[in-house]
Amino acid sequence: MAAPENSKIRWRSVCIGKITVIVCTILTILTQKCSALPDFPSVTYEMMYSAGLDAYSNQKWSDCMKFMSRAIEDYHFYTETLAECRRLCTKANKFNTQKPVDMQLAIFGNYVYKSNCIRKCKMTKFKTRPDNYSAEVDEAFENLKPYDYYQLCAFKIQLYQHAAAAAYTFLLSNKDNEAMQKNIHYYRSLPQVKDEFFVNLEEKPYQTHYIRAVEAYNREDWLGVIESMEKSTREYFKEHRTCRLLCEGKVEQEQQLDFIENIADYFIKVLDCKKSCGQKLDKIYGQFIEDFIAGCYHYLQFAYFKVGEFNHASECAGTYLLFKPGDETMEANKDAYLRLKGIGPMSFTPREDAQKHYDLIAFEAQLLKYIDEHYMFDITEVIDDDDEFDDLFLGDSADELDILAKKKHDLEEFERAHGFQVFAGPKELKGKKRVVVDGFLTDEQCGWLKELANIGGIKGDGYQQYSTPHTKHEMYHGITVDKAAELVEGAKINMTAAELYLNVSELMRQYTEKYLNLASPLYFHFTHLVCRTSLDDGEERTDLSHPIHADNCIMTTDGKCLKKLPAFIWRDYTGLLYLNDNFEGGEFFFADRNKSMQSSVKPKCGRLVSFQASDYHGVKAVTSGQRCALAVWFTLDRMYQETAHDTAFQLLAKLRENPDLIGQKKETEKDDSVPVGKTKALEVYDDSNVQVIATDEDLGGPQRMAADGLATEEECQELCKLANGHGKRGSGYRGHVSPLSTHESFEGLDVPEAAELVQQMKVGVKAVKLYLDVAERAKEFTARYFGLTQPLYFDFTHLVCRTALEDHKSNQNRQRKDLSHPIHADNCHIQQDGSCRKKPPAYIQRDFRYLFSHKTRFWARCLLHLPRFKSKYTKHQTA
Ligand SMILES: O=C(O)CCC(=O)C(=O)O
Ligand SMILES: [Fe+2]
């Protein structure tokens, strides 16, 4: 059998730089004089541990033992004293929080006072002792590492009793440590090692008493049980308090945070630590005991019963039930006690200390649950914070309650007027702000919309033009509301169907807004009538029609909802209106962050389901037939509202006024409106030399990109020639020669000016066509790169050159401190506080901007100030 070894074979010095010098001096003192700690108040467990490690590596076994045991002793002294100071100061309050001018002020005032109290206490107890320990050393002590060294050093000098006890102590806290298991085994095999050598040197009083109580119980010594178990519970609460107080230590802070955020983050870490106290303490012989403290009262009630002290027995039964409500055995005992004389319901009032302990743990658990569900550890993570704001701002004054009642009444009126019936709410659907309402469409209306989708639907789910975007077993096709209006214009569908599409989506919007009781309006972000058609009817499938996802964030593998692009982070609510039920599968369902199903909704004609876009949801496989739905995503941000409704509305109004126009438009013209992503121009890029050289990450912000190769060298030269030869000074800046920097002149040529040049025969048509082509390329590439499914429009196109002025060509020029173009945004005015106001005279309609650049040999930098595009975002993450 192998001789004992240190559980961590590789030696790693934990010598702490700053203190090594001191340690060397102390070493000498300590090795000579192992006197009581107060003689050396400034010698800390950290120093002694370090000295012990030195002794260990120098094979000074006896010194190693001495230092390790002194280190352990000091660690106990230090932590107990620290807990004691914190305990003594818990009640140190100076400011009255009962009648405060400002509650927060009073609370923090008291913290200042408490902090002083703790500092004074530490000064008194620790005197000049340093109060700075490395997290690494503290962790070693928490894990009883010093016992590991101690056992090996003791073994080396054949102090088996010490070695066995230390090894055993270490093992109780490190059950899976194989090296120590082997050591214990070895020690046990030695003839000189007796069973009683294996003692737990870290046994706490509550554990000692508990063990005694159980032994007494086994002997049926009921008085013995009572005596020891009473002590055990008292000591347990004490130990628990100490453990919790020790959690109020230093916390590593990864980020620089605001005051309140800092406090909250700190508090959560402390709370997490406190929660672990139960796990840490509820152990006997290193074995975790479920419901430890409740179990103590079980023993007690039984022992009291045995000695005929029924009042105490009832009290302990009541205390047990506090921790384990509804426990059958104890309820039966309770019934039996109640039949005894002198025992009434009040006899079961839980013990005061137990009740206090319970209340604290329960409240902390509640807080932690809240934190778990709502706290944004990562600010990119989505939380359901709307309710909290509602809660915060909605007091319970009579006025506010009146408003609420009125809103509820309005909603009910709205439902009645339209014949809507709420089928399920938050309770059934297992999530707030979720609702299923029936009665939005008649069967006939569902038929029209379904037909509309089948006549005019475009392949894909509205975001990608693949016919099978989510599963290869189903085909998707859909139509937007503006396209539906175009179908009317092309005499492909009748007006009624398109009007219905427009109107029912508006009704969905209104209902969702009312149901959610929103203070600000909801806007359409994307409206899509979409069908999923099973491609292999009746086949066994394990996949989903739509995998679990959220509509406005990226679901991470650990279930977080990251509000980051490319998700549609501006989407706030989703409404799905179903059109049919004559298919198999296709149930909609809500899921939790572990992807477990919470509730499901069976689609049927006229059934609406509305929910928060951050809720996880999915669609079960459509195993046969076709499932159609009108899906609408709403946003609270007007900036993101789609134009499709306005376009459809206007076109339908025009067609109603001039029915002759219906069927007039030629097919070919219509083809231009195929969503971006499928145009010919774009397909060209698939094999072109365009290369994205920087993405949003490289460029430090979302929706940014830089690409090379959109024009060839010759094309660039050609464009520069056009700009240099014909650009107008100050073009675009009311003729100011140097509008942006006095060190540069600025020439530009917009598209009409370029066209005019052709007319005047100043330049050839080829050069201007190139100008237009390059602009078009950049526009298409932009749209494709950002996955836009609606066209971008040119707002302004400008071919410009900035030329360093002659006088600044010298060295002086290189030292210029100004910018060629001061920092600005293209569609808003930057305010002093850094925010950007989207208000005229800024070009608020501009959404994307592209610049083409070419450095010439001269001191000029030519730019094709490309379109400042107008767009609407209609991109979707692939679920
Ligand atoms: O059709 C449905 O029931 C849900 C579709 C969906 O979740 C989506 O398109 O994002
Ligand atoms: Fe969805």
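1. A good place to begin is R607, which is buried, with a relative accessible area of 6%. In this predicted model, the side chain of R607 meets that of D438 in a salt bridge, with 2.7 Å from N to O. Because D438 sits in strand β4 while R607 belongs to the loop between β14 (597-601) and β15, the pair ties together parts of the chain that are 169 residues apart in sequence. D438 is buried as well, its relative accessible area being 8%.

2. Another pair to look at is formed by R434 and D615, whose side chains meet in a salt bridge at 2.9 Å, again given from N to O. R434 is found in the loop between α18 (426-429) and β4 (435-438), and D615 in the loop between β15 (608-612) and β16 (617-620), so this salt bridge ties together parts that are 181 residues apart in sequence. As for their surroundings, both R434 and D615 are buried.

3. The third pair for the reader to examine is E315 with R351, a salt bridge in which the closest N and O atoms are 3.0 Å apart. E315 belongs to helix α13 (residues 310-323), whereas R351 lies in the loop between α14 (328-338) and α15 (352-374), and the two residues, 36 residues apart, link distant parts of the chain. Are these two residues buried or partly exposed? E315 is partly exposed, with a relative accessible area of 24%, while R351 is buried, with a value of 12%. This pair should also be viewed together with E230, since E230, E315 and R351 are linked in a network of salt bridges. For the whole structure, a search finds 29 salt bridges.

4. The metal site deserves a careful look of its own. Which residues coordinate the iron ion (ligand 2)? The donors are H549 (NE2), D551 (OD) and H617 (NE2), at 2.1 to 2.2 Å, and their spacing in sequence can be written as H-x1-D-x65-H. D551 is placed in the loop between β8 (544-549) and β9 (554-555), and H617 in strand β16, so the pair ties together parts that are 66 residues apart in sequence. Both of these donors, D551 and H617, are buried.

5. Ligand 1 can be considered next, and the residues around it are R532, H546, H549, D551, L576, Y578, F588, H617, V619, R627 and W633. Sorted by class, this shell has five nonpolar, three polar and three charged residues. Several side chains place a polar atom by an oxygen atom of the ligand: for Y578 the distance is 2.6 Å, for R627 it is 2.8 Å, and for H617 it is 2.9 Å. Taken alone, ligand 1 exposes 300 Å², and the protein buries 95% of that area. The elements that contribute two or more residues to the shell are β8, β11 (571-578), β16 and β18 (626-635).

6. A last point concerns R212, which has its place in helix α9 (residues 205-218). R212 is partly exposed, with a relative accessible area of 44%. Along the chain R212 and S232 are 20 residues apart, and their C-alpha atoms are separated by 9.2 Å.

Notes: Residues are numbered from 1 along each chain as its sequence is written. Chains are lettered from A and ligands numbered from 1 in the order in which they are written. This is a predicted model: local features need pLDDT of at least 70, side-chain atom pairs count only at pLDDT 80 or more; totals for chains, interfaces and linings use all residues. Side-chain values use heavy atoms; hydrogens and water are left out. A salt bridge is a side-chain nitrogen of Lys or Arg within 4 Å of a carboxyl oxygen of Asp or Glu. Helices (H or I, at least four residues) and strands (E, at least two) are DSSP runs, numbered from the N terminus. Buried means under 20% relative accessible area, exposed over 50%, partly exposed in between (1.4 Å probe, protein chains only). Donors are N, O and S atoms within 2.8 Å of the metal (3.2 Å for Na, K and Ca); water is not among the atoms, so sites may look incomplete. A residue is near a molecule or strand if one of its heavy atoms lies within 4 Å of it. A polar contact is a pair of N or O atoms within 3.5 Å; within protein, one must be able to donate a hydrogen and the other to accept it, and residues adjacent in sequence count only if both atoms are side-chain atoms. Accessible areas come from the Shrake-Rupley method with a 1.4 Å probe; for residues, only the protein chains shown count as cover. Ala, Val, Leu, Ile, Met, Phe, Trp, Tyr, Cys and Pro count as nonpolar, Asp, Glu, Lys and Arg as charged, and the others, Gly among them, as polar.
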